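Visitor: I should like to go through this model and ask, term by term, on what grounds each label is given. May we begin once it is displayed?

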Amino acid sequence: MCYEPEPATAATARTNHDAAALYDLANRQDFGDVRRGLIAELPGNVVDDGGSIVFDAHALDWIGEDDPAPESVNPSLWRQSQLIALGGLYQVTDSVYQVRGNDIANLTVVEGDGGLIVIDCMAGVESARQGMSLIREHVSDKPVAAVIYTHTHIDHYGGVKGVVDPADVASGKVPIIAPGHQFDKYAIGENVIAGNAMARRSFYAFGGLLDLDARGHLTCGIGIISTAGPLISYISPTDLITETGTKREIAGVEFEFLYAPDTEAPEEMHIWIPQFKALTCAENANHSLHNIQTLRGARTRDARNFARYLDETLERWGGEAEVHYGPHTWPVWGNDRLTAFLESQRDTYKYIHDQALRLANKGYTPLEAAEVIELPEELRRDWANRGYHGTLHHDVRAVFTKELGMWDGDPVSLHPHPPVESARRFVEFAGADAILAEGKRAVAAADYRWAAQILHALVFADPENTEARELQADSYEQMGYQAEGPQWRGVFLSAAKELRLGVQPAPYVTASEDSVLAMPIDILFDFVAVHIVGDRADGVDITIALDFTDLGEQWTMWVRRGVLNARRGSTPEPRLTVTGSKKALTGMLLKPAMAEELAASGVVRLAGDHAALTDLAAILDDFDPAFPIVTP
C-alpha cells in the first residue's frame, strides 16, 4: 500500500528553521574526519544468499552533503545523517582499518604479523561478509586470528559467521574474546527472552516500518540501519575478560582490556592497543549521547558507570592515545582532541546522573526533572553530546528508574486504571465532541504535544473514531519532524503511520535460530517459561527429564503452581524422559506438538507418558510480533 505522510506544517518549518541557530553548523571538522583514510567506496548493495537486498547502498544518496535540511527534518539530525551516510573502507591508523556505512555498526580489523583480529562483527552476516571482502581486496588476505566482541549487543556479534568459520572456533584455532562472566546470558537473554516486545519497539524507534526519505527514516543517528532482515548469527565466546589490565598477544599484537560492566551493556570492555596507540571505549563513547534507558527496551544502565570507566580509561591511557575508534560513527585523531572528546562524554553522563538525583532529592518526579535539566553550554554545544541515540530528556528519566525504580513518587501514579479503562472514563466525563474540538484547536495552534496527549484518550476509548486517529497522527507526524533524536522521530512517525494504516507487519524476527540455539540451557528454560500461560497452567503437574546427548547434560523441568522451573540433574520417576541433541530438544520444548514427529524420525527418543507433551503444548502461549501500540 502506498503511504504518503503529510508535509511539515508552517509551524514545524519555522521551528526547524529557528533550531538551526542553536547549533554550530559552520563547524565542519567532523566532515573531514569522516572521510579521513578512505581506501575504497562500498562496492554496492549488501545481499543475502538468495540475492535479496539487505541494504541498498544507494538508499541514502538523497541525503546530500551540502543540501540544507528539509522542512520535515531537524537540522541537527540532518547534519548527523549527512555524516552517517558516508561509508566505505577506511584506514584508521597503522594496521587498523574500519568498514563503515553498510550496517548499523562498524567492522574494525587490526592487521598483525600472523593474521587479522576482528573487533566487532556488525549486526548481519551479509554486511560482515561484504566488509571482510573489502579487507581481503584492499588490505590483507591473512587468516582471521581472533574475533573480539566489545559487548553483548546484537549489532556487535550478529555478523560473526560472515567473519569466521565456526569450525575454526570449535577447533580452538580462532578464539572469540569477550567481556564478562556471563556473556552468553546477557547477549542471548536480552535479545530472545523479551525479544518479541523488544523487536516491536525497535521497529518504531529505528524506523523499520518507515520509508527512507525526508518524511520518514533518515539514519539511526549512530549508523545506518538495514530495513530488511539480516541473517543474525552467534558463536559463544571462548575467552572471557573479567579483570581490568588483562592482556592478550594475538598475531603479534598486544591488546590490553578495561572491564567496564553495567555501562552501555551489562558486559562491556574498552580496548587499548599500545603498539598503534589506538583506543576504543566501545559504545561508552560515541559521536552521540547514548541511552541510559533504551526506547527499544533493555536493562536500565548506570550513567555514573559510564563516567567512572571513561575516567579510568583517561587515567590509564589518556596521555598516550593518538586515535579513538568506535564500533559506531567515525574516529577521533590526535591526543588533545581525543582527550577532550572523552572528557566531554564523561562529564555529560556524570552531569545527567548527578543533576537527576539532585532534583530527585528535592522532590521532583522524573518527568518534572527531565523538563528542566539542560546540559551546560560547553557540553551542549559539543556535537558528540547531542541526542542522536539517547536524548537528554529520556536519559534523565532513566536515572530515576535506575536509582529509584518504576514509581515516580506521586500516589496518583501508584495504582491508576489501565489505559483503556482510564481513557473510557475520561471520555465519558469530558465528552468525545469536546475532546475532538480541543484536539482540532491544538493541532491548528501547533500545540502538537498536547493534541497527541488529549486525543490519545479518545483513540483508546473509541479506536474506530477515524477523525481522532487522523488528528493524533497529524500531531505525532509534526513532533517527529521536529525531533532531533532519530529514535523519537522514528517512534512518532511510526505511530502516525499505524494510526492511519493499522498495525504494520514486522520486518523480521530477532530471535534467530543461531540465537535460540546458542542459549545456555538455563536461559533456554527461562525462554520456555515466559511462554507459560499462568492461569492455564494452574493445577497442571508436568515433570519431564531431558538428556542433552551432545552436551552430556541431564536436566529436569517441571510445571507446578503455574510456574516452570528447571534444574541440572535427573529425577526419579518423571512423567516423561526425552533424549536428543540440544537442537532437537530446543525445538521440542518450543513446539511440543512436533515431538511425536521428531520421535518417529529418530531425532528424539521418548520414554514414559507422551501426554505430558500434549499438556505442555496446551499451556504455551504464542507471541504476535505485530501487537498494537497506538491503539488498544
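Visitor: What makes the space of about 520 Å³ a cavity?

Guide: On a 1 Å grid over the protein atoms alone, a cavity is a set of points where a 1.4 Å probe fits but cannot get out. The largest cavity meets that rule and has a volume of about 520 Å³, where a volume is the space filled by probe spheres set on the points, with grid points joined across faces, edges and corners. It is lined by 32 residues, of which Ile104, Ile154, Phe206, Ile225 and Tyr508 are the closest to its centre; a lining residue has an atom within 4 Å of a point. The model is a predicted one, in which local features need pLDDT of at least 70 and side-chain atom pairs count only at pLDDT 80 or more, while totals for chains, interfaces and linings use all residues. Residues are numbered from 1 along each chain as its sequence is written, and side-chain values use heavy atoms, with hydrogens and water left out.

Visitor: Which element gives the most to the lining of the largest cavity?

Guide: Helix H7 does, with 4 residues. Helices are DSSP runs of H or I of at least four residues and strands are runs of E of at least two, numbered from the N terminus.

Visitor: How is the lining of the largest cavity divided by class?

Guide: It has 13 nonpolar, 12 polar and 7 charged residues. Ala, Val, Leu, Ile, Met, Phe, Trp, Tyr, Cys and Pro count as nonpolar, Asp, Glu, Lys and Arg as charged, and the others, Gly among them, as polar.

Visitor: What makes the space of about 710 Å³ a pocket?

Guide: A pocket is an open set with protein on both sides within 12 Å along at least five of seven lines. The second largest pocket, of about 710 Å³, is lined by 30 residues, with Val516, Phe527, His531, Leu590 and Lys591 nearest its centre. Helix H21 supplies the largest share of that lining, 5 residues.

Visitor: Why is Arg200 called buried?

Guide: Buried means under 20% relative accessible area, exposed over 50%, and partly exposed in between, with a 1.4 Å probe and protein chains only. Arg200 has a relative accessible area of 1%, and is therefore buried. This residue of helix H7 has contacts beyond four places in sequence that include Glu498, Pro625 and Phe627, contact meaning heavy atoms within 4.5 Å.

Visitor: Why does Phe257 count as buried?

Guide: Phe257 has 0% relative accessibility, so it counts as buried. It lies in strand S12 (residues 253-259), and its contacts more than four places away in sequence include Ile148, Met269 and Trp317.

Visitor: How do you know that the span of helix H12 agrees with its number of residues?

Guide: The expected span is 1.5 Å times one less than the number of residues. For the 13 residues of H12 (residues 392-404) this gives 18 Å, and the end C-alpha atoms are 18 Å apart, so the two agree. Just after H12, Gly405 takes a positive phi of about 95°.

Visitor: Why is Cys220 not in a disulfide?

Guide: A disulfide is a pair of cysteine sulfur atoms within 2.5 Å. The closest cysteine sulfur to that of Cys220 is in Cys121, 18 Å away, and therefore too far for a bond. For Cys281 the nearest cysteine sulfur, also that of Cys121, is 19 Å away, and Cys281 is in no disulfide. The structure holds 0 disulfides.
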